[in-house]
Amino acid sequence: ATVPARDETLAFPDGFVWGAATAAYQVEGATREDGRGVSIWDTFCRTPGRVAGGHTGDVACDHYRRHADDVRLMAELGLGAYRFSVAWPRVQPSGSGAVNAAGLDFYDRLVDELLAADVVPYVTLYHWDLPQELEDRGGWAERDTAHRFADYARIVHRRLGDRVGTWVTVNEPWVAAFLGYGMGVHAPGRTSAADAFRASHHLLLAHGLGARVLRDGGARQIALTLNLAPVMTPGQVGDPDLTPSAADAEAVDRVDCLLNRQFLDPALRGEYPEPVLAIVERTAGLGHVRDGDLATINQPVDLLGINYYTPCVVRAEPGEPPNPAYPGTEDVMFSGAHAPTTAMGWPIVPTGLSRLLVRLSRDYPEVGLLVTENGAAFDDVVTGDRVHDPDRTAFFDNHLRAAHEAIEAGADLRGFLAWSLMDNFEWGEGYRKRFGLVHVDFETQRRLPKDSALWYREVIRCNGLRRERTRRPTLEAVA
Ligand code: GBH
């Protein structure tokens, strides 16, 4: 096969990074193997009623044992990069002190296999699997956890830093803090708004302390990954009946501060937005925000990792009570977008990605941008050895077009990592929601690249998309 001529493709910049991502607890399994300690997700999964179907990550994709095959698969798909996370409890079973050599050995082998296959490893240090012993001492609501994270970062970097150039400190502090400590729908399942704000700050502090350790160790590229969502009014996502009012604009700004700028501004500007400080103060006080913390958090970073799935759609609704787990959201109505949704129920709004990227490059011009996650769950149809998932292909196609538009508008986007390499343990949803490019049969562990994976391989090979969409990007089920 030949690469189409440049003018037949929507070309991405030279050197654009194409890859896919996973996270340790979602794929590894082997939760009791080789000295791994217990994480808050092991505990959460064992608590009745927490995870759909009572599913756990005990086996997951059995990636801990099948890593060599999985790397071969990545090479076959032509991936240029693979973002994975290190399980803290494999490296330090109690979260501090003793190091478990077997745990580090696993990631060491994985990195070597990736490099041998020409797949560049991108390492995330924290993707939500906190060692249980640290949670027993207060978890992210306690400041000490940030210092323990810095020690752990040093240990991992010392072992892998000679071969791994790009490091993500923390994945999605908003989710870890607000879903884990505020709403209780993620581990550790706590429901205190004050603790959620404390956890947010300590996760940011962990990022700063970790980034400093990585920089001192000579890391080439350091990133923080945030779940970012453009905050939009219903009118901006296609509902013709609703035009934003001044009150809507205020609601949008407040929610943007809580969801996005609560993390962007400390990390990239060394300050909390005023409205966030006011909300934190009346919810949790500001005793946990110490002098010098913001300078620590504001370490130079090379990349901002963006996880984008769907916009946040809000409008003003005077009298609407705040979500008790999410103070500051009074007088705001969170509403769905008038758009088709994925199997998660998340509206599909590709323009949200272009809007977000352009806004980030305008407001935070110093930092390079990398999409560290984007993807969708659908109810895939397996027929023999094919998985027809045209909705997923259309999802990626449309989001990549949006990313391309943002690049043309000047956004410094360096790469795109699809979520996810393969179907895996989807947190509170267990195995019922499939985000993979590769289908996993959880009975047999057979891997089967979906049609979207074959399509993605072509995108990577051409470093771009065909100018003409090959099919209408509708959401109609497969014939
Ligand atoms: C990511 O988080 C995680 O990093 C990854 O591990 C996970 O598997 C993946 O997403 C898929 O879930 O209900 O319309 O208001 C995603 C963070 C936060 C994105 C909540 C969607 C709510 C959408 N998510 N958000 S909506």
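1. Start with Gln-26: an N or O atom in its side chain sits 2.8 Å from an oxygen atom of the ligand. This is a predicted model, so to speak on trust: local features need pLDDT of at least 70, side-chain atom pairs count only at pLDDT 80 or more, and totals for chains, interfaces and linings use all residues. Numbering runs from 1 along each chain as its sequence is written, and side-chain values use heavy atoms, with hydrogens and water left out.

2. His-127 does something similar, with a side-chain N or O atom 2.9 Å from a ligand oxygen atom. For Trp-419, a polar side-chain atom lies 3.2 Å from an oxygen atom of the ligand. On its own the ligand exposes 590 Å², and the protein buries 75% of that (Shrake-Rupley areas, 1.4 Å probe).

3. Around the ligand there are 15 residues, and Gln-26, His-127, Glu-172, Glu-426 and Trp-427 come nearest (near: a heavy atom within 4 Å). By class the shell has seven nonpolar, five polar and three charged residues (nonpolar: Ala, Val, Leu, Ile, Met, Phe, Trp, Tyr, Cys and Pro; charged: Asp, Glu, Lys and Arg; polar: the others, Gly among them).

4. Now the enclosed space: the structure holds three cavities of 30 Å³ or more (a cavity is a set of points on a 1 Å grid over the protein atoms alone where a 1.4 Å probe fits but cannot get out; lining residues have an atom within 4 Å of a point). The largest holds about 60 Å³ (space filled by probe spheres set on the points).

5. Its lining has nine nonpolar, two polar and no charged residues, including Trp-41, Tyr-126 and His-186. H8 gives the largest share of that lining, four residues (helices are DSSP runs, H or I, of at least four residues, numbered from the N terminus).

Conventions: A polar contact is a pair of N or O atoms within 3.5 Å; within protein, one must be able to donate a hydrogen and the other to accept it, and residues adjacent in sequence count only if both atoms are side-chain atoms. On a 1 Å grid over the protein atoms alone, a cavity is a set of points where a 1.4 Å probe fits but cannot get out, and a pocket is an open set with protein on both sides within 12 Å along at least five of seven lines; lining residues have an atom within 4 Å of a point. Helices (H or I, at least four residues) and strands (E, at least two) are DSSP runs, numbered from the N terminus.
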